[in-house]
Amino acid sequence: KAALLCDRELSPRWVAPSATVTMQLCPGQRMPKIYDRNYFDKWYRDPRHAIGSPAELRRKVAMVVAQAEYYLARPIRNVLDVGCGEAVWRAPLRALRPGIDYRGLDASEYVAARYGRSRNVGLASFGQLEYLRFDQRFDLIVCSDVLHYLKPAEIRAGLGGIVEMLEGIAFLEVFTSRDDVIGDRQGFISRAPAWYLREFGAAG
């Protein structure tokens with residue numbers, strides 16, 4: 001698993017749950033991936049499928065906060081969590097830094113509708129970071145377990161936005177072709193570590 005720490009408003013809209021849409025697929029076409037409550041129940045709460053633990057997450061968050069504060073030479077004040085899901089980073093971040101300004105973004109309408117106001121999560125995809133801006137830059141930008149599901153064009157578009165909005169460091173965690181990947185493999189794109197390093201370097 002590779003993670004990059006790199007230096008460096010339009011407000012996300014709150015949405016209501018979307019209407020049910022009936023789709024007819026062509027032969028051989030797969031159902032689109034839906035990040036609804038069933039998805040998060042399966043991969044985050046069902047002991048038969050869930051990967052990781054709260055203790056592991058707390059250690060990861062502590063590591064990233066320490067790296068950011070070492071670089072900034074001060075406590076972090078704000079965080080942008082891209083592809084945040086149900087905002088699982090929010091609680092351990094607030095436990096370490098109670099006054100931190102947490103802002104999450106996710107492409108799931110379920111997440112934005114359920115946790116938008118209570119956990120400050122807006123509706124946006126990674127690629128929309130190309131145009132999405134806020135009234136502040138961020139001490140820490142997190143994107144964990146997201147990029148290996150995205151097409152190259154969306155990754156490149158979003159990376160440009162991260163570079164422009166970043167005040168401290170970005171924690172970009174990906175699984176690569178060198179990892180023994182378990183868990184959600186639907187839509188997983190296996191890329192060499194060198195591919196990500198090249199794209200991160202090109203983004204600046």
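# A guided tour of the predicted model

Of the 204 residues in the protein chain, 42% count as buried. The model is a predicted one. With the whole chain displayed, the exposed surface comes to about 11,400 Å², and carbon and sulfur atoms supply 52% of it.

**Stop 1: the overall fold.** Colour the chain by secondary structure. Six helices and six strands should appear. Followed along the sequence, these elements run in the pattern β-α-α-β-α-β-α-β-β-α-β-α.

**Stop 2: the nonpolar cores.** Select Leu80, Phe126, Leu129, Ile141, Leu147 and Leu172. Within the largest nonpolar core, which has 25 residues, these six touch the most other members. To see which elements contribute, add β2 (78–82), β5 (138–144), α5 (152–165), β6 and α6, each of which supplies at least two residues of this core. A second core, separate from the former and made up of 22 residues, includes Val65, Cys84, Tyr115 and Val121.

Now centre the view on leucine 80. Beyond its neighbours within four places in sequence, leucine 80 is in contact with Arg103, Leu105, Phe134, Phe138, Leu140, Ile141, Val142 and Met165.

**Stop 3: arginine 191.** Move next to the loop between β6 (166–174) and α6 (193–203), where arginine 191 is placed. Which side chain of opposite charge is nearest to arginine 191? It is that of glutamate 199, at 8.1 Å; arginine 191 is buried yet has no salt bridge. That distance lies outside the salt-bridge criterion, because a side-chain nitrogen of Lys or Arg must be within 4 Å of a carboxyl oxygen of Asp or Glu.

Two other polar partners can be displayed here. The side chain of arginine 191 makes a polar contact of 3.1 Å with the side chain of tyrosine 196. A polar atom of the arginine 191 side chain also lies 3.4 Å from the backbone oxygen of leucine 147. Leucine 147 was selected at the previous stop as one of the residues touching the most other members of the largest core. To show the surroundings, select the residues in contact with arginine 191 outside its neighbours within four places in sequence; among them are Leu147, His148, Leu150, Lys151, Pro152 and Ile155, together with Thr176 and Ser177.

**Stop 4: the salt bridges.** How many salt bridges does a search of the whole structure find? The search returns six. Three of them are visited here.

- Select lysine 60 and glutamate 173. Their closest N and O atoms are 2.9 Å apart in a salt bridge. The pair joins distant parts of the chain, with lysine 60 in helix α2 (residues 54–72) and glutamate 173 in strand β6, 113 residues apart. Lysine 60 has a relative accessible area of 19% and is buried; glutamate 173, at 6% relative accessibility, also counts as buried.
- Select arginine 97 and glutamate 69. Their side chains meet in a salt bridge of 2.7 Å, N to O. Arginine 97 is in the loop between α3 (90–96) and β3 (101–106), while glutamate 69 is in helix α2, 28 residues apart. Arginine 97 counts as partly exposed, at 27% relative accessibility, whereas glutamate 69 is buried, with a relative accessible area of 14%.
- Select glutamate 164 and arginine 133. This salt bridge has its closest N and O atoms 2.9 Å apart. Glutamate 164 belongs to helix α5 and arginine 133 to the loop between β4 (121–123) and β5, 31 residues apart.

**Stop 5: helix α4.** Select residues 109–119. In this helix, Tyr110, Val111, Ala112, Tyr115 and Gly116 are buried. An α-helix has 3.6 residues a turn, so residues three or four places apart point the same way. Tyr115 is also one of the residues included in the second core.

At the start of α4, look for a side-chain oxygen of serine 108, which reaches to within 3.3 Å of the backbone nitrogen of tyrosine 110. After α4 comes asparagine 120, with a positive phi near 60 degrees. Asparagine 120 lies in the loop between α4 and β4 and is partly exposed, with a relative accessible area of 25%.

**Stop 6: alanine 73.** Most residues other than glycine have a negative phi. Alanine 73, although not a glycine, has a positive phi of about 65 degrees. Its place is in the loop between α2 and β2. Is alanine 73 buried or exposed? Alanine 73 is exposed, because its relative accessible area is 68%, and over 50% counts as exposed.

Notes: Residues are numbered from 1 along each chain as its sequence is written. This is a predicted model: local features need pLDDT of at least 70, side-chain atom pairs count only at pLDDT 80 or more; totals for chains, interfaces and linings use all residues. Side-chain values use heavy atoms; hydrogens and water are left out. Helices (H or I, at least four residues) and strands (E, at least two) are DSSP runs, numbered from the N terminus. Buried means under 20% relative accessible area, exposed over 50%, partly exposed in between (1.4 Å probe, protein chains only). Lys and Arg count as positive and Asp and Glu as negative; His and the chain ends are not counted. A polar contact is a pair of N or O atoms within 3.5 Å; within protein, one must be able to donate a hydrogen and the other to accept it, and residues adjacent in sequence count only if both atoms are side-chain atoms. Contact means heavy atoms within 4.5 Å. A nonpolar core is a set of buried Ala, Val, Leu, Ile, Met, Phe, Trp, Tyr and Cys residues joined through side-chain atoms within 4.5 Å. Accessible areas come from the Shrake-Rupley method with a 1.4 Å probe; for residues, only the protein chains shown count as cover.
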